[in-house]
Structures are given as C-alpha cells and as structure tokens.
Amino acid sequence: MADKSSNAYWAANIRIVTLCLIIWAIVSFGFGILLRPLLAGISVGGTDLGFWFAQQGSILVFLALIFFYAWRMNRLDAEHGVDEE
Amino acid sequence: MDQFTLNLLFVGASFALYIGIAIWARAGSTSEFYAAGRGVHPVTNGMATAADWMSAASFISMAGLIAFTGYDNSSFLMGWTGGYVLLALLLAPYLRKFGKFTVPEFIGDRFYSPTARLVAVICLIVASVTYVIGQMTGVGVAFGRFLEVSNTTGLLIGACVVFAYAVFGGMKGVTYTQVAQYCVLILAYTIPAIFISLQLTGNPIPALGLFGDHAASGEPLLAKLDAIVTELGFAEYTAHHADTLNMVLFTLSLMIGTAGLPHVIMRFFTVPKVADARWSAGWALVFIALLYLTAPAVGAMARLNITDMMWPNGTEAEAVSLETIQTDPKYDWMATWEKTGLLGWEDKNGDGKIQYYNDQNAEMIAKAEANGWAGNELTNFNRDILVLANPEIANLPGWVIGLVAAGGLAAALSTAAGLLLAISSAVSHDLIKGQLAPNISEKGELLSARIAMAVAIVVATYLGLNPPGFAAQTVALAFGLAAASIFPALMMGIFSKRVNNTGAVAGMLVGLGVTLVYIFLHKGWFFVPGTNSFDDADPLLGTIKSTSFGSIGAVLNFATAIVVSRMTAEPPQEIQDLVESVRVPRGAGAAVDH
C-alpha cells in the first residue's frame, strides 16, 4: 500500500467523520437545545419539534449516523484496498 | 401469593438464569477470559454492551429525573446515546486495530511511557469508583423495596450481593450472561410502559403514546400534563427553564464521558474484526435506544398518574384523603414505599387530606392561604423510586412488579460487575503486573484483583450511604471525570501524531485534577457531606454545575496536551508508524495477549 493512497484514505475518513459529527451536533445541541425556539412553530403531539428532537429525534438520528458510517467506511476500506482479508 | 413472595420469586429466578448461563458458557470455553467477546456476533456483542452500559442510572433513576423536571432533563437522553456516535466514529475501530485489552495499555504504548499508563490507571479508577457509588445508590433503593427494609439495610445487603456477583462475574462466559441480563432488563422496562401507555393513550408503543392523545380527556398527552402541573404551581413540563449554557455543557459532558468509560471501551477491543467494531457500536445503540425511547414516556406518564392519584377529582376539587391512602388498595404502594424512607407525606394542616402542590410558587401560596393549606404535604418523593414504583402506581398485576424488581437489579448488578472488573484489571494487570511487580505469579495477580474489587466496593458502599445525588446524578459525575481524563488522551492518540508522552500526561493530569477539584468544591471533599464550599444551586463559575464541568475539563485536557507537546520533542518514528497502522483496518489479525 503506497503512502499516497494511505493519505487519501485517511483524508476521506476525516471528511466522513466531520460530516457525521456536524449532523450529530445539529440535531442534539442545535434542534434539541439552542435552535429549539426557531422550531417552536412546528407542533408535534401537544408540544414542538424541538422537544421531540431532544427526547426522541436525536436518538434516531444517532442510530442512522452510526450505521451510515459503518456502511460507508466498509466501502471506503475496499476502495482503498485496506480492508481486512 | 403475596407481592413479597412474588418479588423474591422473580429476582431468584433471574439470578438462577444468569448463574446457569455462566456455568454453561464456562464449560464451553475455559481458555480465554479476556477474549470473551471474540467470535461473538456484532449483534450479540451489541446486546451485551447494552447490558454493561445501562445501569441503575438508566433503569431506575433517569425516568424519575425526567418526570419531575420535564424537558430540562433531556440532557440524559441525548447525552447517554450521543456518546455512541463519538465512540463509533472516533475510537472503537482504531482501538480494535490496536488489539490490546485494556485502556491504560493503549495509552501506555501509544505515549511510550509507563507514567502515562499509571496516570491512565488513576483516571480509570477515579471515574469507575464514582460510577459504582451511583450503582450502589440504585441497588440500595431496589433491595430496600423488594425485601421491604430500609434504604440503608438494602444498600448493605446489596453490597454483599454485588461483591459475590462481581467475583463470580469475573470469570468466563460474561457475554452470554449479559445477553440474558439485557433481555430481563428490557422486558422489565418496556412491559409496564406498554400497559401504562395503553391505559393512558390507547397506543401500545410508549414512545408514540408520549406524543399521542390522552384517552380520558382527548387532549394531547403532553398538553394535558403541562396544564395539570401548572395548575399546581409546578414548572411547565415541556418548556425550557434550565440555563442553556449549563444544559449544553452537561449534555456534552455525558456524551464525551460515554466514549471515555473503560468498561464500555473494553468491549470493542475484542470483537473479531475492525468492521465488526463499527457495527457493534451501532447494534449496542439499537438495544440502548429501546430503553431510551421508552424512558421519556415512562417519566411523563408516571408524572400524570401520580398527580391524578393525589388529586383524584381534578386539581380544583378536594385532594386525596388520608383515609383513602390508608384503606384503598390502589394506594397500597404508598405504604410499602414509606417503609424504605424514600416516600413521605404529612397532613400538616390536619384536614385529613394530602395536598400536593408547589409551595414555593407565589400564586400557589396565595391559593393555599385561601384554602387553609399549610404547605406541600407529599413531603418526600425520592426520584429514584419512580420507575420501581411505577407499575404499582398504575395498578398493574403483581408479576409485573416482580419483573421490574428483577430488571432493576439486573441493570445495577451487570454494570457494577463490569466496572469492578475494569477496576480490578487496572490494578492487577496495569498497575501491579505492569509496573510494581512484573514477575508476580498468576495467583498473586488474581488475589490482588480480588482485593482491589473488595476495597472498591467498601469505599463505594460507604460513600453510597450519603450519596452526592440521586443515582443518575452521581453517575453523571463519573461521566464528567471520564470525559475530562480518558477520552481526550485516546482521541489524540489516534488523530494526532504530534502529541507526545509529556503532553498526554500533562493533559490527563490537568483534566482530571481540575474536574475533580471542581466537583469536590461543590459536592464535598471525597463526597463527605458538609465539606463543600459551593453549591450547585450557585456554582463557582457562573451557571456551570459540577455535573457539567467534564466538558470544560476535556477542553483543558486537549489544550494542555497540544501546547505541552508543541514545546517538547515529537514522538519517535516507531510511535508515528504505530499511529499510521492503527488508522487502517488491514492486518488487524487477532487481538493478542502478551
């Protein structure tokens, strides 16, 4: 495995991680806490969307993020030929 | 059959199941204890991780804290699940590739320093012991209730059981025992929640019922709850009242701490492949989410039920009478819980009724004066009893109550055993064998592990008698400590080639030291009550409570390590190569002992 390919693999990994962590922060700290006033107009079951994100939505998004990452990284491993034999 | 016998039966049967599985699994694989997770499917491993992870704090305590506070305690929900994203993306696959067995081992090798390993051992012990204190609080509540003794007696009995259990659990076959524990605890948590959701909303899925309509009034459940609690002068359930900065820091601290707790990280060292480490974290969160999506529904519905019981004809009519509490079988739970000393009421104005309201609220004070009330008469409602009392409050059949007792104990015991195992392996493997006496015999290593376990239990039990908070709050402190000390060192060890031995040691010491001092200043030195100089109601730094300080500690750890590393020599070439190799999955091979 050449050094160049290894650098490209790591850079691609960092990009995927960063993207996932941005979404992670937006749904929890964003929609769940700081941006809740902005979502106040959207009502969900007797309260607003921010409350839903804080108590359920963020957990569902976390799940999606981890499975997306696992799937995407396994593909990336194969593309760069660094997957386990 | 009376309730007491039924509880004993359920708890006894669940214990017999765990012990049976442990014996069966041990016969199958006597060879390797550390590699218990190897060859185990990611789904099974995820389930076992979930059992390890969900403790008395998640099972017994969390829904109660949400019930009495509402939206503001959403931090527990987001924090304790969001940490898995950090774990899956930033740590798990790389630590698996590294292929050793304990957290201090990774830190010692990556930072090529026995000192770093020693500091990591100290960080691990401080965070884990604090965590065990929280478990002991929960164990005390659970044993106190189902043996119908005081909380203190329950705690002491619980300590003996935990010790016996941990010594036993420190053997082979832990993974399958934990799978059984997960099944018991998730059934115990969701079955009563399904019953209650059906009663209140007609929806069998509690998570959907929470956002559904309240069957009796036709209004949305949460709107009904908001209305009824504000009528009694309490803060609106769904509204944001807490300080925003503190809430953000608290959530972040729980997230980072989740990814820094040794007993959970250890599970990812031993899955068969790097790819499995990634999937395992996802499956663990699936099984954790089953409880975490139910918890907010349990909290909200219990709050509604309790308020209804105290005001059976609505908040404008008469409160429940003392006579009803003593004679109506629906109120039997109040008498049984009073025995534990965790629930109390007092007819202050002598009108034969128990008025439950917020006596700190100005409007309610005026109303109370007009009605001749002399303060809130439901004088004590320990948050930690809510989940265990919930099926009794909702008048569910006796077997459900027994199941919940078994579930609460499964949660507390599995986590306590996992933590004690992490503590004892840190002491015997990393400290004594790794540093003090490399030539120690296997027998000596085992003995020192047992002694470390016993000492940890005695300390945690003693401190658990006067806990620094409800179970989940004490556990939150442990997360703060793990966040400030272990997580940054692990993450920098993987994502930076430049952070060196001096930097990592300085970072961990600063992170742990500052966080510990901040906690002790607010909770008392070594958690001894009365020795604190500040209070979380009015913290030292603005609005930042001691439970939230872990995120500040983590930032200090990162900053110190980076600055100190820049001022000192860069790590040798072979360490930089090690970091390179940890970053790619190929060549992971089997996890090796040494």
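**View 1. The loop between α17 and α18 of chain B, with B:Asn395 at the centre.** In this predicted model, B:Asn395 sits in the loop that links α17 to α18 (398-436) of chain B. Its phi is near 65°, which is a positive value in a residue other than glycine. Is B:Asn395 buried, exposed or partly exposed? B:Asn395 has 16 C-beta neighbours inside 10 Å, so it counts as partly exposed; a residue needs 20 or more to be called buried.

**View 2. Helix α17 of chain B, just ahead of that loop.** Now step back along the chain to α17, which covers residues 386-393 of chain B. How many of its residues are buried? Eight of its eight are, and the helix is thus described as mostly covered. The buried set of α17(B) starts with B:Leu386, B:Val387, B:Leu388 and B:Ala389, and goes on to B:Asn390, B:Pro391, B:Glu392 and B:Ile393. Just after α17(B) comes B:Asn395 with its positive phi of about 65°.

**View 3. B:Phe526 and its positive phi.** Here is another residue to look at for its backbone: B:Phe526 is not a glycine, yet its phi is positive, at about 50°. You will find B:Phe526 in the loop between α21 (501-523) and α22 (549-567) of chain B. With 10 other C-beta atoms within 10 Å, B:Phe526 is exposed, because the limit for that class is 12 or fewer.

**View 4. The crossing of α3 and α6 in chain B.** This close-up holds two helices of chain B, α3 (residues 56-69) and α6 (residues 114-146). Their axes are 9 Å apart and the packing angle is about 65°. How should that angle be described in words? α3(B) and α6(B) are roughly perpendicular to each other, because angles from 65 to 115 degrees fall in that class. The crossing in which α3(B) passes α6(B) is left-handed. On the α3(B) side, B:Ala56, B:Ala57, B:Ile60 and B:Ser61 make the contact. Their partners on α6(B) are B:Gly134, B:Gln135, B:Gly138, B:Val139, B:Val141 and B:Ala142. By class, six of the residues in this contact are nonpolar and four are polar, with no charged residues.

**View 5. B:Gly154 and its surroundings in α7 of chain B.** B:Gly154 belongs to helix α7, residues 151-169 of chain B. Buried or exposed? The count of C-beta neighbours inside 10 Å is 23 for B:Gly154, so this residue counts as buried. Which residues does B:Gly154 touch, once neighbours within four places in sequence are left aside? They are B:Gly140, B:Val141, B:Phe143, B:Gly144, B:Leu147 and B:Val149. B:Val141 also takes part in the α3(B)–α6(B) contact of the previous view. For a sense of distance, B:Asn532 lies 378 residues away from B:Gly154 in sequence, and the C-alpha atoms of the two are 27 Å apart in space.

**View 6. Where chain A meets chain B.** The contact draws 37 residues from chain A and 41 residues from chain B. On the side of chain A that touches chain B, the elements giving two or more residues are α1 (3-34) and α2 (49-79) of chain A. Which of them gives the largest share? That is α2(A), with 17 residues. Sorted by class, this side of chain A has 23 nonpolar, ten polar and four charged residues.

**View 7. The fold of chain A.** Chain A has two helices and two strands, set out along the sequence as α-β-β-α. The radius of gyration of chain A is 18 Å, well over the 12 Å that the globule rule gives for 85 residues, so chain A is more spread out than a compact globule. Along the principal axes, its C-alpha trace spans about 55 × 20 × 15 Å. Buried residues make up 36% of the 85 in chain A.

**View 8. Chain B as the setting for the close-ups.** Chain B contains 23 helices and four strands. Its radius of gyration is 24 Å, close to the 25 Å from the globule rule for 594 residues, so chain B is as compact as a globular protein of that length. The C-alpha trace of chain B spans about 80 × 55 × 40 Å along its principal axes, and 58% of its 594 residues count as buried. Of the contacts in chain B with a separation of 6 or more, 81% join residues 24 or more positions apart.

How values were computed. Residues are numbered from 1 along each chain as its sequence is written. Chains are lettered from A and ligands numbered from 1 in the order in which they are written. This is a predicted model: local features need pLDDT of at least 70, side-chain atom pairs count only at pLDDT 80 or more; totals for chains, interfaces and linings use all residues. Two residues are in contact if their C-beta atoms, placed from the backbone, lie within 7 Å. Ala, Val, Leu, Ile, Met, Phe, Trp, Tyr, Cys and Pro count as nonpolar, Asp, Glu, Lys and Arg as charged, and the others, Gly among them, as polar. The radius of gyration is taken over C-alpha atoms; the globule rule is 2.2 Å times the number of residues to the power 0.38. Axes are lines fitted to C-alpha atoms, for helices over the stretch in contact, and angles run from 0 to 180 degrees between N-to-C directions. Angles under 35 degrees count as roughly parallel, over 145 as roughly antiparallel, 65 to 115 as roughly perpendicular and the rest as oblique. A crossing is left-handed if the near helix is turned anticlockwise from the far one by less than a right angle, and right-handed if clockwise.
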